[in-house]
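Let's take a walk through this structure together. Keep the sequence and the 3D view open while you read.

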Amino acid sequence: MGGTTQLRTYTVRDGLLDEWVERWRAGIVPLRLKLGFEIGGAWVDRERNQFLWLISYRGSKTFAERNALYWASPERQAMGLDPDAYLLHTEDRTVERRY
């Protein structure tokens, strides 16, 4: 399989969970896919006001290199989406698939 997969858990500001999901789906997902990332799924945990998703990269660069390219891209800059406006806390875990 190779590559890197991260499980990302975001705690979202009160009242902004659905808006965050729509902004993520409309802007972040298409750009991530364009840059060679794979999205393994996304979930909301309303009880904890959290958004969880799986992101993978299996290309010629490292995950960190490709992630830096994403953040520096003109498309990302043009989004006008500041994560701090929505997210109180983020946790990224690198995980290995076993099943």
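What volume does the largest pocket have? It comes to about 190 Å³. Keep in mind that this is a predicted model, and that goes for everything below.

**The pocket**

So what lines this pocket? The list reads Thr5, Glu38, Ile39, Gly40, Leu54, Ser56, Arg58, Val95, Glu96 and Arg97. Sorted by character, the lining has three nonpolar, three polar and four charged residues. Strands S2 and S3 each bring at least two residues to it, and S2 gives the most, with three. Two other names in the lining, Thr5 and Val95, are worth remembering, as Val95 in S4 stands opposite Thr5.

**The strands**

Now for the way the strands sit side by side. Strand S1 covers residues 4-12, and S4 covers residues 87-95. S1 and S4 run antiparallel and are joined by eight bridges. S1 also pairs with S3, again in the antiparallel sense and over eight bridges. One of the places to look is Arg8, whose bridge partner in S3 is Trp53.

S3 (50-57) has another antiparallel pairing, with S2, over eight bridges. Here Phe37 has Tyr57 in S3 as its bridge partner.

How enclosed is S1? Seven of its nine residues are buried, so the rest of the structure largely encloses this strand. Gln6 is a good example to click on, as it lies in S1 and is buried, with a relative accessible area of 11%. Looking past the residues up to four places away in sequence, Gln6 touches Trp53, Leu54, Ile55, Phe63, Asp92, Arg93 and Thr94. His89 is 83 residues from Gln6 in sequence, and their C-alpha atoms are 16 Å apart in space.

**The core**

Next, the largest nonpolar core, which has 21 residues. Which of them touch the most other members? They are Trp20, Trp24, Ile28, Phe37, Phe51, Trp53 and Tyr70. S1, helix H1 (17-34), S3 and helix H2 (63-72) each supply at least two residues of this core. H1 gives the most, with seven residues.

Take Ile28 as a way in. Setting aside residues up to four places away in sequence, it touches Trp20, Arg23, Trp53, Tyr70, Met79 and Leu81.

Phe37 is another of the well-connected core members, and it is found in strand S2. It is buried, with a relative accessible area of 2%. Beyond its neighbours within four places in sequence, Phe37 is in contact with Arg32, Ile55, Ser56, Tyr57, Phe63, Arg66, Asn67 and Tyr70. From Phe37 to Asp92 there are 55 residues in sequence and 15 Å in space, C-alpha to C-alpha.

Asn67, one of those contacts, lies in helix H2. Is Asn67 buried or exposed? At 15% relative accessibility, it counts as buried. Leaving out neighbours within four places in sequence, Asn67 is in contact with Arg8, Arg32 and Phe37.

**The turn at Asn49**

Last stop: where does Asn49 sit? Its place is in the loop between S2 (37-45) and S3. These two strands form a hairpin with four residues between them. Asn49 has a positive phi of about 55 degrees, although it is not a glycine. That's worth a second look, because most residues other than glycine have a negative phi.

Why does Asn49 count as buried? Its relative accessibility is 14%, and the cut-off for buried is under 20%. Apart from neighbours within four places in sequence, Asn49 is in contact with Tyr10, Thr11, Val12, Arg13, Asp14 and Leu17.

Here are the buried residues from this tour, side by side.

| Residue | Relative accessible area |
|---|---|
| Gln6 | 11% |
| Phe37 | 2% |
| Asn49 | 14% |
| Asn67 | 15% |

Technical notes
Residues are numbered from 1 along each chain as its sequence is written. This is a predicted model: local features need pLDDT of at least 70, side-chain atom pairs count only at pLDDT 80 or more; totals for chains, interfaces and linings use all residues. Side-chain values use heavy atoms; hydrogens and water are left out. A nonpolar core is a set of buried Ala, Val, Leu, Ile, Met, Phe, Trp, Tyr and Cys residues joined through side-chain atoms within 4.5 Å. Buried means under 20% relative accessible area, exposed over 50%, partly exposed in between (1.4 Å probe, protein chains only). Contact means heavy atoms within 4.5 Å. On a 1 Å grid over the protein atoms alone, a cavity is a set of points where a 1.4 Å probe fits but cannot get out, and a pocket is an open set with protein on both sides within 12 Å along at least five of seven lines; lining residues have an atom within 4 Å of a point. Grid points are joined across faces, edges and corners, and a volume is the space filled by probe spheres set on the points. Ala, Val, Leu, Ile, Met, Phe, Trp, Tyr, Cys and Pro count as nonpolar, Asp, Glu, Lys and Arg as charged, and the others, Gly among them, as polar. Two strands pair if DSSP finds at least two bridges between them.
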